[in-house]
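Q: I have a model on the screen and would like to learn how to read its features one by one. Where should we start?

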Amino acid sequence: MKRDFLRCLAGAAAGVLLTGTSTFAADLGVAPLAPLPVFTWTGFELGVQVGGGAGRTSVNVDGAGAPFLVGPSSDSYGSSGVFGGIHLGFNYQLMAPIVIGVQAEYNFAGITGSAIAPPLDFVSTSIRQFGSADARLGVAFDRLLIYAIGGFAYADIRNEIQLAGLPPGVIDFFAVNRYGFDVGGGLEYNFYGNWTARAEYRYYDWGTRGFNSPGFGSLVNGIIPFAIPNHSSRETLQTGRIGLTYKFAWPYASPVVARY
């Protein structure tokens, strides 16, 4: 009987102690577990890219006034090579998974091509550098971003022409900055911390540019100044690239769902 009484007394004391402890913890306002951070694409970015390009040049030459040409001439030929450069931008992720942003890039390039185009002896194209100022619009699936990109593009493009009948090495150069547009799309993935990797396709169109040269600066047969006829060229380029980007002030934003 005495043992049963002591057992009941101990149980009652434990209940009072547990109730008091719970009440004391509630009075202190013990905080729940910290909310989980939410990944975001918002932030500034700086990165590098490398890739390859395949271009197309279309040349049209007016044969009038050229003693070695019979009628006009036209030709279209390809160019190819590699490039590399840097990009700088800013992204903002909206309430939905929509991501908007702006980006500027600059590339050094070694994209060249040439052709024999009778009655021309030689034509060539060299893209030395190109860049763009673009807008980006994407859809985020957590750490994966699928996006479209496009905007204003420029390039340093140099053309050479040698006309039939002139000695080898007598070539006229036409070097000028070209301006046009670019459009494309790609994938970007956050693989570690603030680092992302991307793969992207881009198409560039620098339109058609006309040229009118007074001559090659040489004499034909020592007495006849030779003048190249008017001509125009159209330049386009398709590129594929991979890039590595570092995001600043990132990668987590305020939580939207708390964990308890």
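A: Start with a term. Strands, labelled E, are DSSP runs of at least two residues, numbered from the N terminus. Two of them pair if DSSP finds at least two bridges between them. With that in hand, take the hairpin of E7 and E8: two residues lie between the strands, and Gly193 has a positive phi near 50 degrees. Keep in mind throughout that this is a predicted model.

Q: In what sense do E7 and E8 pair, and over how many bridges?

A: The sense is antiparallel, and the pairing runs over eleven bridges. One position to look up is Asp182, whose bridge partner in E8 is Tyr204.

Q: What is the general idea about side chains in a strand?

A: In a regular strand, side chains alternate between the two faces of the sheet.

Q: How much of the model can be read with confidence, and which strand has the lowest mean pLDDT?

A: The general idea is that predicted coordinates should not be read in detail where pLDDT is low. Here the protein has a mean pLDDT of 79, with 65% of its residues at 70 or more. Among the elements, strand E9 (residues 219-220) has the lowest mean, 48, while strand E4 (residues 98-115) has the highest, 96. The pLDDT falls below 50 over residues 217-224, a stretch with nine contacts in the model beyond near neighbours in sequence. Residues 256-260 are also below 50, and that stretch likewise has nine contacts beyond near neighbours in sequence.

Q: How many salt bridges does a search of the whole structure find?

A: The general idea is that side chains of opposite charge can pair when their charged atoms come close. In this structure the search finds 14 salt bridges. One of them joins the side chains of Lys247 and Glu45, at 2.5 Å from N to O. Lys247 belongs to strand E11 (residues 231-247) and Glu45 to strand E2 (residues 43-61), so this salt bridge ties together parts that are 202 residues apart in sequence.

Q: Are Lys247 and Glu45 buried or exposed?

A: The cut-off for buried is under 20% relative accessible area. Lys247 has 0% relative accessibility and therefore counts as buried. Glu45 is also at 0%, so Glu45 counts as buried.

Q: Which residue meets Glu188 in a salt bridge?

A: The partner is Arg198, with 3.4 Å from N to O. Glu188 sits in strand E7 (residues 172-192) and Arg198 in strand E8 (residues 195-211), ten residues apart. Glu188 is buried, at 0% relative accessible area. Arg198, at 6%, counts as buried too.

Q: What does Arg241 form with Glu200, and which residues are linked in a network of salt bridges?

A: Arg241 and Glu200 form a salt bridge whose closest N and O atoms are 3.8 Å apart. Arg241 is in strand E11 and Glu200 in strand E8, with their positions 41 residues apart in the chain. Arg241 is at 6% relative accessibility and counts as buried; Glu200 is buried as well, at 6%. The network links Glu105, Asp134, Asp182, Glu200, Arg202 and Arg241.

Q: How many aromatic pairs does the structure hold?

A: There are eleven aromatic pairs. One of them, Phe181 with Tyr203, is tilted: the centres are 6.4 Å apart and the planes make 55 degrees. Phe181 lies in strand E7 and Tyr203 in strand E8, 22 residues apart. Phe181 counts as partly exposed at 41% relative accessibility, and Tyr203 is partly exposed at 23%. Tyr246 and Phe248 form an edge-to-face pair, with 5.0 Å from centre to centre and 75 degrees between the planes. Tyr246 is partly exposed at 28%, as is Phe248 at 38%.

Q: Which residues form one aromatic cluster?

A: The cluster is made of Phe83, Phe130, Tyr204 and Trp206. Tyr204 has already come up as the bridge partner of Asp182.

Q: Which residue lies over the face of Tyr147?

A: Arg136 does, at 4.4 Å from the ring centre.

Q: What separates the C-alpha atoms of Trp195 and Thr245?

A: They are 5.8 Å apart, although their positions lie 50 residues apart along the chain. Trp195 is in strand E8, and at 34% relative accessibility Trp195 counts as partly exposed.

How values were computed:
Residues numbered from 1 in each chain as written. Predicted model: local features only at pLDDT ≥ 70, side-chain atom pairs only at ≥ 80, totals over all residues. Heavy atoms only, no water. Salt bridge = Lys/Arg side-chain N within 4 Å of Asp/Glu carboxyl O. Helix = DSSP H or I, 4+ residues; strand = E, 2+ residues; numbered from the N terminus. Buried < 20%, exposed > 50% of the residue type's maximum accessible area, 1.4 Å probe, protein only. pLDDT = per-residue confidence, 0-100. Contact = heavy atoms within 4.5 Å. Phe/Tyr/Trp six-rings, centres within 6.5 Å; stacked < 30°, edge-to-face > 60°. Lys NZ or Arg CZ within 6 Å of the ring centre and 35° of its normal.
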